[in-house]
Amino acid sequence: MIGVTVLKHIRMLPVLALLIATAGFEFSMPGDADAQEPKVFSVTVMNGAIDKKHETLKVEQGDTVLLRFVSDQAIDLHMHGYDLTARPGPGKPALLHFEAKLAGRFPVEIHGAKKSKSSGALNLSGGHHDALLYLEVAPN
Ligand SMILES: [Cu+2]
């Protein structure tokens, strides 16, 4: 089944390979105040969207968080609340590494992206802000 999908989207092959390579990469540490290990999330963006399991990334206040983004197109990401930006592109992962000091639910938006109704392709010059995913920081 996967083989058929890969054949249909042969130009997506590098992204798919990354997706598969990072599928087991997400993990979280138990709630240990002394933990130095960051909570790591690998997020793969394809045509401005992500797979559902990454819709909300859950961490705890005080956690160190490492978000790793790859995208099949060059995009501007903006994490509200923390006001952090990342610019992943094809073959160019982007990292957000920060301490989750603020509790709450924060959207990570694609800035300036608008999907074309006819082709479904991303128009990166549009003014629309789409929430790609949410970071949820549970208060301590
Ligand atoms: Cu924004």
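Reader: How many helices and strands does the protein have?
Author: The model is a predicted one. Along the sequence, the pattern runs α-α-β-β-β-β-β-β-β-β-β-β. The count for the protein is therefore, with helices and strands taken as DSSP runs, 2 helices and 10 strands.

Reader: What share of contacts between residues at least 6 apart in sequence joins residues at least 24 apart?
Author: A contact requires C-beta atoms, placed from the backbone, within 7 Å. Among contacts in the protein between residues at least 6 apart in sequence, the share joining residues at least 24 apart is 62%.

Reader: Which residues of the largest nonpolar core touch the most other members?
Author: This core has 19 residues. Strand 1 (39-45), strand 3 (64-71), strand 4 (77-79), strand 7 (104-110) and strand 10 (130-138) each give two or more residues to the core. The members that touch the most others are Val43, Val45, Phe69, Leu77, Val108 and Leu132.

Reader: Which residue in strand 3 stands opposite valine 43?
Author: Strand 1 and strand 3 pair over 7 bridges, in the parallel sense. Opposite valine 43, in strand 3, stands phenylalanine 69.

Reader: Which residues does valine 45 touch, not counting those up to four places away in sequence?
Author: Valine 45 is also one of the core members with the most touching partners within the core. With residues up to four places away in sequence left out, valine 45 touches Ile50, Phe69, Val70, Ser71, Ile75, Pro88 and Leu132.

Reader: Which are the edge strands of the open sheet of 3 strands?
Author: The sheet has mixed pairing and the order 1-3-6. Its twist averages 15° from one strand to the next. Each edge strand pairs on one side only, and these are strand 1 and strand 6 (94-99).

Key:
Residues numbered from 1 in each chain as written. Predicted model: local features only at pLDDT ≥ 70, side-chain atom pairs only at ≥ 80, totals over all residues. Helix = DSSP H or I, 4+ residues; strand = E, 2+ residues; numbered from the N terminus. Contact = placed C-beta atoms within 7 Å. Core = buried A, V, L, I, M, F, W, Y, C linked by C-beta atoms within 7 Å. Buried ≥ 20, exposed ≤ 12 C-beta atoms within 10 Å, placed from the backbone. Pairing = 2+ DSSP bridges. Axes fitted to C-alpha atoms, helices over the stretch in contact; angles between N-to-C directions.
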